[in-house]
Amino acid sequence: MLKKGISVKYAGKDLLLGILIALISIPISMGYASVAGLPPIYGLYGSFLPILVYGILTTSPRFVFGVDAAPAALTGALLASLGITAGSEDAVRIMPLITCLVAIWLFLFFLLRADRVMKFISQPVMGGFITGIGITIICMQIPKLFGGTSGSGEIVELLIHIYKQASETFHMPSFLLGTGTVIIVLISRKLAPKLPMQAIVMFLGAAATLLFPLKENGIACLPAVESGLPKPVFPDFSLFTHDPQSLLISTFTIAVVILSETLLASTNYALKYEETLNPRREILAYSLGNVAASATGCCPVNGSVSRSGIADQFGVRSQWMSISAGLTMILILLFGTGFISYLPVPVLTGIIISALIGTFEFHLAKKLRKVDKAEFIIFCAALLAVLLMGTIYGVIVGVLLSSITFIVRQSRPKIEILGVDPEEEGYHSLKRKGNYTPIRQVLLYRFSGALFYANISDFESELKKAIKPDTKVIVIDTSGIGSVDVTATERLLQLYHKFKEQGIAFYLAGHIASVNTELRAFGAEELITSGAVRSRISLALRDAGYDKPYELEETTDREAKAYSKQLAELSWAYGRDAEQMLRDMAKKITEKVAKEPDIDLNTLLSEERRLAHGYWNYADEDEFLDHLEMQLLLLQQEEPNAAVGELEDRIVERHMLLEEKILSRNPAYVEKLKKHRARRDERFRRHHPETWQRLTQARQRYLEKLRTRNPELAAMMEDSAEE
């Protein structure tokens, strides 16, 4: 575990990155120490020992620990509820106790395996949660851009605070300096992502304070702090009697926020980089990190989303970063505190805001909105819950919605009716593009999911809808059913007896052996002893008197189904995007041809299969060559090239070979292929009239060659052209 967090391989770069993180932590930690009700210097005190402890213990190689927004805001609210003035001696005295109580709660979470709760938090919840925290902290910081003070509370309170501060204390030079910093950092992230612009603008801000009268013109700088390390402090447990109920409840809440925020965010990075995180050990690291914070007199500490975003931007790979940051902070406290008073607050606020903008997960929301509306709603709900109700409620709402979605999906699994293709093995959904047809008098019914009390009614009702008047055999494809409960077992047994009375054979086929154990345990052993349970669909059909080649249902749509076999593999893999994928492939390969005009056809075919990721058949290739031919014609129109012309001739040869193979397998399909090609050619004519004549000539050359090579196929193609 330790080796994963601290790897010698990445020591050099990450040690340098740790120095940057320490410098950026100066304004962040001092600001949040003030929010927590402590003198700003305590932010620096909490930025060396807790970080060192966390860096040694954590299994996350990328996450940054330290003084941060959510615990600081909650701690400040706790002091206010206790009637303790922020920044006072009383606040300094009670803070080690508060932080120690948080550490104790976190240790209890470690013992109780609270990390298991995190399994119920989905990626949309994490994305909404992180984005909500980022927006909240930005709103806390915005007033400091124009000379105001940071806010606290939820989004409504923060927006009101921003409005009031802007009305009362708006300072244009500070605002221009702060927003300029945000713009510069964001632009540099796009144009020069490896440039440590945050550190650069911080030093430029300090230089500007030295060279120009910024303070005299109303631009705030960080307060001066005394040099030296803090003396070790111990919690004064006698203060617990001040208000034990408030202390216990509030520190519990802070501990939950630290657990959820830090574990969710670090898990997000682990998923992003396919790394293994030990959640239980992470909680122990949070607890001991807060013990270290208590010993320095600092407020509770947790993972920093903003600083982790900066570290990620610069490619952090190990916790050498944290060790370096902690040691750098020690040096700053001993020798560099004089520099701090020259740092302009708007510049440092701009650095924080730009870092938080980089943590937003709106790209995930955009993807979810297109693909899964339910997951998109969960993302938005978690985001709004964090903004409107706070961090802990954001987690609760997200977990509840994820659990509800999980239950709904389990209760309504996918149901499909299956058919066969004489030229293919297996049993396939009739919804899939291909020449799949039901077996005569047989219902093949697939149910994908655990079968239990919440979905057995849907299973039964959909099954009855699918039965036809001539159905003699029902085979349930149970390969997707991993378990059954007592309710489902009783209903299956009832269905078996009911269908038997109606003269319909009923089978369960393809499930794992443990399902049979459950069937026997719940009193349905009769299904097994009567032969209604089979290991494969083919065995169930054979038992019912049906063997290959199966007699298929008559259908007037057979020719249409034959055509739909085109793009069968790609359609199965990419759905509605299959044809667009072919067009994109053709464009990519045309670009390759433009750079390497002497490329041969075999290389082209190898490249097309690579781009298709293995989902490829003769029909797919024939369709692709049509798209490629059109792209090459457009290329020739722009820049004529003899080598490309020769390649077009090779494509014609390949077309003929493919269509001969298709004709030998399914003559009806060729007719549909020609009509499809004619429609595609017509679209090409409308969009590229200037190149249409060249395509017509190419089609004519193809027919002339085909007459010589395969007169039968040529006649079929010519008939289609005349139509």
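Colleague: Hi! Which side chain meets Arg 542 in a salt bridge?
Modeller: Asp 547 does, with 3.7 Å from N to O. Keep in mind that this is a predicted model.

Colleague: Sure. And is Asp 547 buried, partly exposed or exposed?
Modeller: Asp 547 is partly exposed, and its relative accessible area is 44%.

Colleague: Which residues are joined into one network by salt bridges that share partners?
Modeller: That network consists of Glu 416, Arg 446 and Asp 477.

Colleague: How many salt bridges are there by this rule?
Modeller: The count is 14. One of them pairs the side chains of Arg 307 and Asp 68, at 3.4 Å from N to O.

Colleague: Why does the pair of Arg 307 and Asp 68 tie together parts that are apart in sequence?
Modeller: Arg 307 belongs to helix α13 (residues 305–313), while Asp 68 sits in the loop between β1 (65–66) and α5 (69–81), so the bridge ties together parts that are 239 residues apart in sequence.

Colleague: Are Arg 307 and Asp 68 buried or exposed?
Modeller: Both Arg 307 and Asp 68 are buried.

Colleague: Nice. What does the side chain of Asp 236 meet in a salt bridge?
Modeller: Its partner is Arg 93, again in a salt bridge, with 3.4 Å from N to O. This pair links distant parts of the chain, 143 residues apart: Asp 236 is in the loop between α10 (197–211) and α11 (244–272), and Arg 93 is in helix α6 (residues 89–111).

Colleague: Buried or exposed, those two, Asp 236 and Arg 93?
Modeller: Partly exposed in each case: Asp 236 has a relative accessible area of 27%, and Arg 93 has 44%.

Colleague: Let's switch to the sheet. In what order do the six strands come?
Modeller: The order is β4-β3-β5-β6-β7-β8, in an open sheet with mixed pairing. At the edges are β4 (428–429) and β8 (533–534), each of which pairs on one side only.

Colleague: How many bridges join β6 to β7?
Modeller: Five bridges join strand β6 (residues 473–477) to β7, and the two run parallel. Val 473 stands opposite Ala 505 in β7, and Asp 477 has Ala 509 of β7 as its bridge partner. Asp 477 is also the residue from the salt-bridge network with Glu 416 and Arg 446.

Colleague: Why is β7 largely enclosed by the rest of the structure?
Modeller: Four of the five residues of β7 (residues 505–509) are buried, so the strand is largely enclosed.

Colleague: Now the nonpolar side of things. Which residues touch the most other members of the largest nonpolar core?
Modeller: Ile 26 and Tyr 32 do, in a core of 114 residues. Leaving aside residues up to four places away in sequence, Ile 26 touches Leu 44, Leu 222, Met 329, Ile 332, Ile 340 and Leu 343. There is also a second, separate core of 26 residues, which includes Tyr 445, Leu 463, Val 515 and Leu 519.

Colleague: And what about nonpolar residues on the surface, which ones make a patch?
Modeller: Val 156, Ile 160, Leu 384, Leu 388, Met 389, Tyr 393, Ile 396 and Leu 400 make a nonpolar surface patch of about 760 Å². The elements that give two or more residues to the patch are α8 (155–169), α18 (373–389) and α19 (391–411).

Colleague: Any backbone oddities? Which peptide bond is cis?
Modeller: The bond from Lys 548 to Pro 549 is cis, with omega near -5 degrees. Pro 549 is in the loop between α24 (537–543) and α25 (558–564). For background, most peptide bonds are trans, and most residues other than glycine have a negative phi.

Colleague: What is the phi of Arg 113?
Modeller: Near 60 degrees, a positive value in a residue other than glycine. Arg 113 lies in the loop between α6 and α7 (123–141), and Arg 113 counts as partly exposed at 30% relative accessibility. Gln 441 is not a glycine either, yet has a positive phi of about 70 degrees; Gln 441 is in the loop between β4 and β5 (442–448).

Colleague: Last one, the big picture: how many helices and strands does the protein chain have?
Modeller: The chain has 33 helices and eight strands. Of its 723 residues, 54% count as buried. The chain exposes about 32,800 Å², with carbon and sulfur atoms supplying 59% of that.

Notes. Residues numbered from 1 in each chain as written. Predicted model: local features only at pLDDT ≥ 70, side-chain atom pairs only at ≥ 80, totals over all residues. Heavy atoms only, no water. Buried < 20%, exposed > 50% of the residue type's maximum accessible area, 1.4 Å probe, protein only. Areas by Shrake-Rupley, 256 points an atom, 1.4 Å probe, with all protein chains shown as cover. Patch = residues over 30% accessible without salt bridge, like charges linked within 9 Å, V, L, I, M, F, W, Y side chains within 5 Å. Salt bridge = Lys/Arg side-chain N within 4 Å of Asp/Glu carboxyl O. Core = buried A, V, L, I, M, F, W, Y, C linked by side-chain atoms within 4.5 Å. Contact = heavy atoms within 4.5 Å. Pairing = 2+ DSSP bridges.
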